[in-house]
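Please open the model in your viewer with side chains available for display, and keep the selection panel at hand. The stops below go from one selection to the next.

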Amino acid sequence: MISSLSLLPEEKLHRLATIEHYLNAGVQYVILGTKAVKEPAFVKEACDAFPGHIIVGLDAKKGLVATDGWAEVSSIKATELAKQFESDGVSAIVYTDIDRDGMMQGVNIEATVQMAQASSLPIIASGGVTDMQDIERLLRVAASGICGVITGRAIYEGTIDLALAQQYCDQNA
């Protein structure tokens with residue numbers, strides 16, 4: 001289970017030595033993105049080398065995995081890939097609905113719950129958070145396996161107060 005705030009480097013992690021560097025520096029988890037999708041064997045290798053420290057970021061458009069900065073949309077269902085990564089030893093999945101990310105249109109609760117139900121991995125929701133209603137909606141379905149949420153634009157736009165959102169989550173989780 002992902003617990004407490006952790007620094008997650010946002011750098012392309014293409015080598016085990018780079019992952020090791022970050023973990024030795026005190027980073028708790030690293031997130032693998034496109035490399036995980038294009039080279040799934042690397043995920044297994046990373047999980048074997050650094051058990052409990054590997055998260056995979058799955059970006060999806062209409063449920064299909066997108067890679068390379070969302071320029072490529074595959075025919076692979078994100079939920080199927082999550083199942084594979086579960087057996088590889090991944091600690092969690094960051095699931096981003098790219099149709100909603102940065103659009104301030106609300107989190108795709110249905111797709112996020114489907115992702116959570118596809119495996120036993122904790123899911124970190126990403127993409128579309130607009131206001132406290134999105135946080136409240138995610139908390140109502142958190143028992144399905146959703147352990148966190150990433151928000152960006154809503155903070156910058158001032159439609160969500162990070163301190164109040166965190167307090168709400170702490171009091172209602």
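Begin by selecting helix α3, which covers residues 40–49, and display the side chains of Lys44 and Asp48, which are separated by about one helical turn because they stand four residues apart in this helix. In this predicted model, the two side chains form a salt bridge, with the closest N and O atoms 3.0 Å apart. Lys44 is partly exposed, at a relative accessible area of 34%.

Next, select helix α7, residues 153–157, where Arg153 and Glu157 are again placed four residues apart, about one turn of the helix. Their side chains meet in a salt bridge with an N to O distance of 3.3 Å. On the accessibility side, Glu157 is partly exposed with a relative accessible area of 47%, and Arg153 also counts as partly exposed, its value being 39%.

For the following stop, select Lys35 together with Glu39; a salt bridge joins them, and their closest N and O atoms are 3.1 Å apart. Which of the two classes, buried or exposed, fits Lys35? With a relative accessible area of 14%, Lys35 is buried, since the class takes in values under 20%. Its partner Glu39, at 42% relative accessibility, counts as partly exposed. The salt bridges visited so far are among the five counted in the model.

Now move to Ser91, which you will find in the loop between α4 (78–88) and β5 (92–97). Although it sits in a loop, Ser91 counts as buried, at 17% relative accessibility. To see what surrounds it, select Tyr29, Gly52, His53, Ile54, Leu121 and Pro122, which Ser91 touches when residues up to four places away in sequence are not counted. Within that group, draw a distance to Gly52, whose backbone oxygen lies 3.3 Å from a polar atom of the Ser91 side chain.

Finally, clear the selections and show the whole protein chain, in which eight helices and seven strands can be traced. If you colour by relative accessibility, the buried residues make up 40% of the 173 residues. A molecular surface is a useful last display: the accessible surface comes to about 9200 Å², and carbon and sulfur atoms account for 50% of it. A contact map gives a complementary view, in which, among contacts with a separation of 6 or more, 63% are between residues 24 or more positions apart.

Methods:
Residues are numbered from 1 along each chain as its sequence is written. This is a predicted model: local features need pLDDT of at least 70, side-chain atom pairs count only at pLDDT 80 or more; totals for chains, interfaces and linings use all residues. Side-chain values use heavy atoms; hydrogens and water are left out. A salt bridge is a side-chain nitrogen of Lys or Arg within 4 Å of a carboxyl oxygen of Asp or Glu. Buried means under 20% relative accessible area, exposed over 50%, partly exposed in between (1.4 Å probe, protein chains only). Helices (H or I, at least four residues) and strands (E, at least two) are DSSP runs, numbered from the N terminus. Contact means heavy atoms within 4.5 Å. Accessible areas come from the Shrake-Rupley method with a 1.4 Å probe; for residues, only the protein chains shown count as cover. A polar contact is a pair of N or O atoms within 3.5 Å; within protein, one must be able to donate a hydrogen and the other to accept it, and residues adjacent in sequence count only if both atoms are side-chain atoms.
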